[in-house]
Amino acid sequence: MRAKSKPLQALTAGDLMNPDVVRLPEEMPLRDAARLLLQNQIGGAPVVDARGRCVGVFSAMDFLRLSQMRADVTRPTSPPLPITCSFQTKSRTPDGKEVTRCTLPPGLCPIQVKQELPGGEKLIICSQPHCVLVDWQVVDVEKLPTDEVRRFMTPDPVTAEPTTSIRVLARMMIDAHVHRVIVVDEERRPIGVVSSTDLLATLAYSGTEP
């Protein structure tokens, strides 16, 4: 967020957006797109064509649709989710401190944290040990199809210009049932992203103006 001194109702997409946009080329293999989302710990990103124009969005919802399409209806339904993640294991460091190790390979889970002990030993621990991730967040990347991401993206993404007001942005998210709006320039190239979290943060720290 770049403008903090403006009145709440005067804020625009250009003020609220995160300019560090992760872009997914439409010909990128699905596995690579999944890795990129996991590495950047984000739930979705715009898909662009060869000219850099936004042609879709690939998000957590698309992972869920993919899982549903590939589901075998003849198989029994999955058991209820565990109270805690099944990839966690309790361990103690040499100084007696209890930690929650993550047994997944490094980089696979978005809430992994690397920790180096005084003796030089490196651990992969869980930063949110009481959190249960949904299926798309613990993706076995190697089992994903190698098809291009444009086959699984959501086309016709919700986009806005940098001058779009905060009120209009909120309405766009509500009406389209989305959690992010892609901010584009005059050639529909992504220049930022405004998420529902950005709107909530803006409201939370907006002061007491009427």
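Which exposed residues does helix 4 carry on the face turned away from its buried side? In the predicted model, that face holds I174 and D175. The opposing, buried side of helix 4, which spans residues 166-176, comprises I166, L169 and M173. Viewed along the helix axis, these buried residues fall within an arc of 60 degrees and therefore line one face of the helix. Such an arrangement can be related to helical geometry: an α-helix has 3.6 residues a turn, so residues three or four places apart point the same way.

The buried residues of helix 4 are covered by several elements of the chain. Among these are two helices, helix 1 (13-16) and helix 5 (196-204). The cover also includes strand 9 (159-160), strand 10 (180-184) and strand 11 (190-195). Helix 4 is followed by H177, for which phi is positive, near 55 degrees.

A second region of the model is organised around a sheet. This sheet is open and consists of 4 strands in the order 1-2-3-8, with mixed pairing. Its edges are formed by strand 1 (24-25) and strand 8 (154-155), each of which pairs on one side only. Within the sheet, strand 2 (residues 44-48) and strand 3 (residues 54-59) run antiparallel and are joined by 5 bridges. One of the residues concerned is G44, whose bridge partner in strand 3 is S59.

Helix 2, formed by residues 30-40, lies across strand 1, strand 2 and strand 3. Relative to strand 3, helix 2 runs at about 70 degrees. Its buried residues are L30, A33, A34, L37 and L38. Because these residues cover an arc of only 130 degrees around the axis, they are placed on the same side of helix 2. Just after helix 2, Q41 adopts a positive phi of about 55 degrees. Thus a residue with positive phi comes just after helix 2, at Q41, and another follows helix 4, at H177.

Cysteine residues were also considered. A disulfide is a covalent bond between the sulfur atoms of two cysteines. With a cut-off of 2.5 Å between cysteine sulfur atoms, the count in this model is 0 disulfides. Burial was assessed for two cysteines. Residues count as buried under 20% relative accessible area. C54 is therefore buried, since its relative accessible area is 3%. C102, with a relative accessibility of 14%, also counts as buried.

Conventions:
Residues are numbered from 1 along each chain as its sequence is written. This is a predicted model: local features need pLDDT of at least 70, side-chain atom pairs count only at pLDDT 80 or more; totals for chains, interfaces and linings use all residues. Side-chain values use heavy atoms; hydrogens and water are left out. Two strands pair if DSSP finds at least two bridges between them. Contact means heavy atoms within 4.5 Å. Axes are lines fitted to C-alpha atoms, for helices over the stretch in contact, and angles run from 0 to 180 degrees between N-to-C directions. Buried means under 20% relative accessible area, exposed over 50%, partly exposed in between (1.4 Å probe, protein chains only). The arc is that of the directions from the helix axis to the C-beta atoms.
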